[in-house]
Amino acid sequence: MHIVIMGCGRVGSALAQTLEQQGHTVAVIDRDPTAFRRLGPGFGGRRVTGIGFDQDTLREAGVEEAGAFAAVSSGDNSNIISARVAREMFGVQNVVARIYDPRRAEVYQRLGIPTVATVRWTADQMLRRLLPSGAEPLWRDPTGGVQLAEVHASTRWVGHRISRLQEETGVRVAFLTRLGEAILPSSQTVLQEGDLVHVMMRTDDVEKVEAAFAEGPEEEGGH
């Protein structure tokens with residue numbers, strides 16, 4: 001996957017190096033060309049000097065081919081504007097913005113831009129939202145037979161009840177994270193866009209569960 005990162009501070013440079021090590025192609029945008037020193041001589045991706053929400057700058061960084069975009073500059077406004085441009089004008093699927101003011105995070109999430117407030121920021125959270133497929137284990141029982149994991153659910157599940165998700169995938173939904181808040185769902189709770197789903201499942205079933213979450217619900221009357 002090609003990934004564009006706006007901001008070459010400590011967070012942006014660490015993300016860029018990690019993603020490149022994982023085999024992705026990376027372009028980093030920063031208005032200060034000296035910031036690229038943080039990437040080190042071994043970084044093989046693009047270094048683009050410019051404003052992160054400028055369309056020509058984004059095109060130079062390869063946003064039109066990008067599967068993910070991270071806005072991690074030092075300015076909340078710049079981050080959210082560039083994230084919206086990447087999502088709405090260039091159709092980038094996985095977009096995340098770093099937000100310093102946690103009071104703004106909920107507002108931005110309602111605009112459809114996942115946000116990570118610095119008070120609870122970790123590199124794992126950023127990577128999870130840039131590369132959302134599969135399951136991310138959070139806890140395993142001592143025997144290793146059962147685990148709690150965050151599983152990426154296809155948008156095709158949005159609008160369906162948790163009871164149907166559980167029935168078709170064979171998991172127990174432990175809790176959801178919605179707009180940064182953990183909620184305990186009932187069987188009647190309906191999955192909303194942006195929800196993070198945390199499930200209990202057998203470790204042996206992880207691949208089967210990942211596939212069911214990725215495919216979406218079965219067609220009515222189908223098997």
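This is a short dialogue on reading helices, burial and salt bridges in a predicted model.

Q: Before zooming in, what does the secondary structure of the protein come to?
A: Seven helices and 11 strands. Of the 223 residues, 45% are buried. As for contacts between residues at least 6 apart in sequence, 55% of them join residues at least 24 apart. The accessible surface is about 11,700 Å², and carbon and sulfur atoms own 48% of that.

Q: Okay, let's take a helix. Which residues of helix 7 are buried?
A: Start with the general idea: an α-helix has 3.6 residues a turn, so residues three or four places apart point the same way. Now the case here. Helix 7 covers residues 206-215, and its buried residues are V206, V209, A212 and F213. Look down the helix axis and these buried residues fall within an arc of 130°, so they line one face of helix 7.

Q: And which exposed residues sit on the face of helix 7 turned away from the buried side?
A: That face carries E207, K208 and E215. Just after the helix you'll also find G216, with a positive phi of about 90°.

Q: How should I read a polar residue like Q147: is it buried or exposed?
A: Go by relative accessibility, where under 20% means buried. Q147 has 3%, so it counts as buried. This residue lies in strand 8, residues 146-151. As for a partner, the Q147 side chain makes a polar contact with the side chain of T203, at 3.4 Å.

Q: On to charges. How many salt bridges does a search of the whole structure find?
A: Generally, side chains of opposite charge can pair when their charged atoms come close. The search here finds five salt bridges. One of them links E88 and R84, with the closest N and O atoms 2.9 Å apart. Both residues lie in helix 3 (residues 76-89), four residues apart, about one turn of the helix. R84 is partly exposed, at 32% relative accessibility.

Q: Which residues do salt bridges with shared partners join into one network?
A: D56, R59 and E64. The side chains of D56 and R59 meet at 3.5 Å, N to O, and those of E64 and R59 also form a salt bridge, at 3.5 Å. D56 and R59 are three residues apart in helix 2 (residues 55-60), which puts about one helical turn between them.

Q: How much relative accessible area does D56 have?
A: D56 has 55%, so it's exposed. R59 is partly exposed at 37%, and E64 is partly exposed too, at 48%.

Methods
Residues are numbered from 1 along each chain as its sequence is written. This is a predicted model: local features need pLDDT of at least 70, side-chain atom pairs count only at pLDDT 80 or more; totals for chains, interfaces and linings use all residues. Side-chain values use heavy atoms; hydrogens and water are left out. Helices (H or I, at least four residues) and strands (E, at least two) are DSSP runs, numbered from the N terminus. Buried means under 20% relative accessible area, exposed over 50%, partly exposed in between (1.4 Å probe, protein chains only). Contact means heavy atoms within 4.5 Å. Accessible areas come from the Shrake-Rupley method with a 1.4 Å probe; for residues, only the protein chains shown count as cover. The arc is that of the directions from the helix axis to the C-beta atoms. A polar contact is a pair of N or O atoms within 3.5 Å; within protein, one must be able to donate a hydrogen and the other to accept it, and residues adjacent in sequence count only if both atoms are side-chain atoms. A salt bridge is a side-chain nitrogen of Lys or Arg within 4 Å of a carboxyl oxygen of Asp or Glu.
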